[in-house]
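Here are my notes on the model, set out as numbered points. Please read them with the coordinates open.

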Amino acid sequence: MPTNASTARIVTATAALLPLTLALSTPADAAAVPKGTVAARVVKIVDGDTIDVVRGTTKIRVQLLGVDTPERGRCWSRAATARTAALLPPGTTAHLLTARTPGRPPSHVWNAKGVHVNRNLIRYGYGKAVPFKADDRFTSLFRTEQSKAKAEKLRIWSGRCDTSTSTPTPSPTPTPTPPPPAGTDPRFRTCAEANAAGYGPYRRGIDPEYAWYQDRDGDGVVCER
């Protein structure tokens, strides 16, 4: 069936938009991810500086290199964990640059948008910079970022605890004040308030209002004017 002019215009327009679509699907900061990284899928955030990833069919626990976030139960620990979860949501891609050491070495981690997670945690006060002698590629940078966080007194450098992570103490339920007996004057919090409203004095054994206030001098009269 021959292609008419209208169909040709649609095909041409679609082809013109294709490079733009591809550009939008590429992370804006992809160039920030250094060469030599290995892609893995995030499956769990253990805490602020520890994540679980999967490469192929292998699950790996990754310690973030050069940063130490507060341990569980300490001030800012939940905030640090939440920050890492926001930067590395489970199911997304993480780019790992593993330290040049044997065993199970720690790693630098970039997220799918090219954000260096280790550096980000230090820059915004979620963790401390910890030198790693076996791999010091970012040690100087991390120290600079930590100095900025300290100067701005961010989170762990603020001198206070993250109150949002603690269980608030519930306010005590106030005891309701019983209504005054019928035929008495209004009940006030203090004699000063009663006097200001034009009430008082009250005598012991005569006025029921006497029991509402403190007889400081013991003379049997309260709320004297």
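1. Which residues of strand β6 (residues 107-110) point one way, which the other way, and are they buried or exposed? In this predicted model, Ser107 and Val109 point one way, while His108 and Trp110 point the other way. All of them are buried. In a regular strand, side chains alternate between the two faces of the sheet.

2. Ser107 lies in strand β6. Its relative accessible area is 2%, and it counts as buried because that value is under 20%. Leaving aside neighbours within four places in sequence, Ser107 is in contact with Val62, Gln63, Leu64, Leu65, Leu96, Leu97, Thr98 and Asn118.

3. Strand β6 runs antiparallel to β5 (residues 93-98), and 4 bridges join the two. One residue to look at in β5 is His95, whose bridge partner in β6 is Trp110. His95 also has Ala39 standing opposite. Strand β1 (residues 38-47) pairs with β5 in the antiparallel sense, again over 4 bridges.

4. The wider sheet is open and consists of 5 strands in the order β3-β2-β1-β5-β6, with antiparallel pairing. Its edge strands are β3 (58-63) and β6, each of which pairs on one side only. From one strand to the next the twist averages 45°. Helix α2 (residues 77-87) packs on this sheet, where it touches β1 and β2 (50-55). The direction of α2 makes about 155° with that of β1.

5. For the chain as a whole, there are 5 helices and 9 strands. Read along the sequence, the pattern is α-β-β-β-β-α-β-β-α-β-α-α-β-β. The chain has 225 residues, of which 33% count as buried. Among contacts between residues at least 6 apart in sequence, 56% join residues at least 24 apart. The exposed area is about 14,600 Å², with carbon and sulfur atoms supplying 55% of it.

6. How many disulfides does a search of the whole structure find? There are 2. With the bonded cysteines numbered in sequence order, the pairing is 1-2, 3-4.

7. One disulfide is formed by Cys75 and Cys161, with sulfur atoms 2.1 Å apart. The torsion about their S-S bond is about -105°, so this disulfide is left-handed. The pair links distant parts of the chain, 86 residues apart: Cys75 is in the loop between β4 (67-68) and α2, and Cys161 is in the loop between α4 and α5 (191-196). Cys75 is partly exposed, at a relative accessible area of 34%, and Cys161 is partly exposed at 33% relative accessibility.

8. Cys191 and Cys223 also form a disulfide, with their sulfur atoms 2.0 Å apart. Here the S-S torsion is about -75°, so the disulfide is left-handed. Cys191 lies in helix α5 and Cys223 in the segment after β9 (221-222), so the pair ties together parts that are 32 residues apart in sequence. Cys223 is buried, with a relative accessible area of 3%.

9. A last residue to check is Ser140, which lies in helix α4 (residues 139-151). Is Ser140 buried or exposed? Its relative accessibility is 54%, and Ser140 counts as exposed because the value is over 50%. Ser140 and Ala129 are 11 residues apart in sequence, and their C-alpha atoms are 9.7 Å apart in space.

Methods. Residues are numbered from 1 along each chain as its sequence is written. This is a predicted model: local features need pLDDT of at least 70, side-chain atom pairs count only at pLDDT 80 or more; totals for chains, interfaces and linings use all residues. Side-chain values use heavy atoms; hydrogens and water are left out. Buried means under 20% relative accessible area, exposed over 50%, partly exposed in between (1.4 Å probe, protein chains only). Two strands pair if DSSP finds at least two bridges between them. Contact means heavy atoms within 4.5 Å. Accessible areas come from the Shrake-Rupley method with a 1.4 Å probe; for residues, only the protein chains shown count as cover. Axes are lines fitted to C-alpha atoms, for helices over the stretch in contact, and angles run from 0 to 180 degrees between N-to-C directions. A disulfide is a pair of cysteine sulfur atoms within 2.5 Å.
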